[in-house]
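Colleague: Could you take a close look at one part of this model for me, the place where the parts of the chain meet, and then follow it through to the ligand?

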Amino acid sequence: MPESDLPIIIIGAGISGLSLAQYLRREKIPYHVFERDPSIDARPGGWGLTLHYGLPALEELLPPELYSRLNETNVNIEAVNDPGRYLFFDLKNGEAKYSLDFPKTGRLRVLRTKLRKLLTTGLDITWSKKLVEVRENPDSVTAIFEDGTTCEGRLIVGCDGSASRVRKYVYPTTYENQTVPVHFVGATVRYTPEQIRPALALDPYFFQGTHPETNVYLYFSVLNTPRNIGNDTDYYVAQAVVTWSYDKNIEIPENDAETVALIKQLTSNWASPFRELIEAIPEDAEIRRIHISDWYPTTSREHERVVVMGDAAHSMTMFRGEGGNNAVVDAHDFAKRVGHLLKQKDVPFEKIAAALRQYDEDILVRGRVSVINSRRACLDAHDYANLTDQSPLVARRVRADCNGTNGTNGN
Ligand SMILES: Cc1cc2nc3c(=O)[nH]c(=O)nc-3n(C[C@H](O)[C@H](O)[C@H](O)COP(=O)(O)OP(=O)(O)OC[C@H]3O[C@@H](n4cnc5c(N)ncnc54)[C@H](O)[C@@H]3O)c2cc1C
């Protein structure tokens with residue numbers, strides 16, 4: 001088979017892999033997505049994502065009819081004409097310490113699970129395929145899966161998230177994530193309209209804050225409302241996240257009920273309505289503990305036919321909400337650098353390899369700034385006394401490579 005007929009192998013059906021696959025499908029470039037989960041619905045729950053500087057990139061990657069359906073994934077369809085804002089509260093007195101308008105690119109607050117589902121439309125995806133090994137051949141590359149099957153491709157793009165197996169293959173000595181010393185507990189909670197009304201009055205999508213004395217941090221994010229498309233319930237769903245620094249020497253219990261009790265205790269001195277939002281969490285709520293860590297490359301990529309994208313290429317804390325935006329922009333950078341070459345027959349591989357090195361540079365420059373800013377944002381969230389409007393926690397989200405700055409001072 002000629003090399004140009006071999007597929008681009010995408011490992012992982014997350015936001016980066018699916019955005020890239022949509023582009024390749026549209027351009028009629030052979031591709032195939034392999035995902036370790038058995039189906040798109042395999043993992044319940046999920047979280048809200050703000051798409052801001054990733055939106056223009058997504059628009060260029062997706063077929064127009066799919067992009068026009070993005071609003072179906074909105075976490076709160078009732079707020080469609082309210083752009084919302086970034087609000088940061090003093091959780092002792094309940095007052096907003098910072099309020100920031102959304103970036104010029106606009107913003108869309110989506111449920112990650114719904115966005116992924118929409119992005120699978122029309123794609124060739126094989127489920128229950130966990131990549132375990134990669135083999136490079138003289139003129140191709142082979143993905144080897146846990147079930148013993150293989151697939152030969154032109155390139156492998158590792159879109160397999162922050163614990164990426166592909167990253168381990170291409171950065172064998174430096175692939176490991178670095179721990180950020182903060183405990184994270186997220187609860188997915190059903191709220192009655194009465195319970196959630198005070199939160200929605202603050203912002204229809206999400207807000208954050210820190211208690212100035214305890215430095216315990218809150219991130220509250222609406223995930224679903226009774227009026228959303230396809231929802232016939234009478235309750236709201238939101239994610240309440242409580243985080244605190246390792247310095248406090250308070251470990252997260254393994255038991256969910258004890259974890260709920262702990263976060264209620266840690267937040268009992270918060271002002272209204274923040275305290276009540278945590279008090280309403282039932283003992284049997286769906287609890288998520290996230291080990292906070294980050295990574296960007298510090299050595300060169302070792303294999304010419306294998307690259308990484310999204311969290312696999314630069315994983316960052318969620319305190320600036322930039323990981324998903326970077327994931328989409330990575331796919332766009334790949335399309336821009338490599339797409340036109342993949343469309344041609346008989347392009348010498350050296351040309352593709354050179355374009356991939358430019359792609360590496362694009363995502364390293366942008367991703368590294370985002371990782372560093374997101375780490376700073378995470379640490380600042382737990383240091384109220386030293387928090388200023390220059391902190392990346394509250395500063396405007398700006399693409400690091402677009403404004404020629406470090407990406408934080410776009411206010
Ligand atoms: C609570 C929270 C809030 C967030 N908020 C925001 C926000 O507001 N804005 C924002 O931009 N970002 C946000 N993020 C970050 C964002 O969700 C991620 O950066 C983004 O989802 C990464 O996409 P990805 O495609 O790179 O990886 P993932 O979404 O992690 O997808 C990786 C896929 O690869 C699959 N996979 C893994 N290993 C293998 C394997 N060996 N073989 C085959 N398949 C494999 C996985 O099952 C998964 O489907 C948030 C994250 C969290 C946790």
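Modeller: Between them, domain 1 and domain 2 bury about 840 Å², buried area being the accessible area (1.4 Å probe) that two parts lose on being put together, summed over both, and 72% of it lies on carbon and sulfur atoms. By class, the side of domain 1 that touches domain 2 has six nonpolar residues, one polar and one charged. This is a predicted model, in which local features need pLDDT of at least 70 and side-chain atom pairs count only at pLDDT 80 or more, while totals for chains, interfaces and linings use all residues. Residues are numbered from 1 along each chain as its sequence is written, and side-chain values use heavy atoms, with hydrogens and water left out.

Eight residues of domain 1 are in contact with 12 residues of domain 2, where contact means heavy atoms within 4.5 Å. The bounds, which come from an automatic or database domain assignment, give domain 1 as 3-40 + 120-178 + 294-386 and domain 2 as 181-291, and the C-alpha centres of the two domains lie 32 Å apart.

Turning to the ligand, 33 residues surround it (a heavy atom within 4 Å), and the closest are S16, E35, R112, D311 and G324. An oxygen atom of the ligand is 2.6 Å from an N or O atom in the side chain of E35, and a ligand oxygen also lies 3.0 Å from a polar backbone atom of I15. Taken alone the ligand exposes 1,000 Å², of which the protein buries 92%, these accessible areas coming from the Shrake-Rupley method with a 1.4 Å probe.

Terms used: Ala, Val, Leu, Ile, Met, Phe, Trp, Tyr, Cys and Pro count as nonpolar, Asp, Glu, Lys and Arg as charged, and the others, Gly among them, as polar. A polar contact is a pair of N or O atoms within 3.5 Å; within protein, one must be able to donate a hydrogen and the other to accept it, and residues adjacent in sequence count only if both atoms are side-chain atoms.
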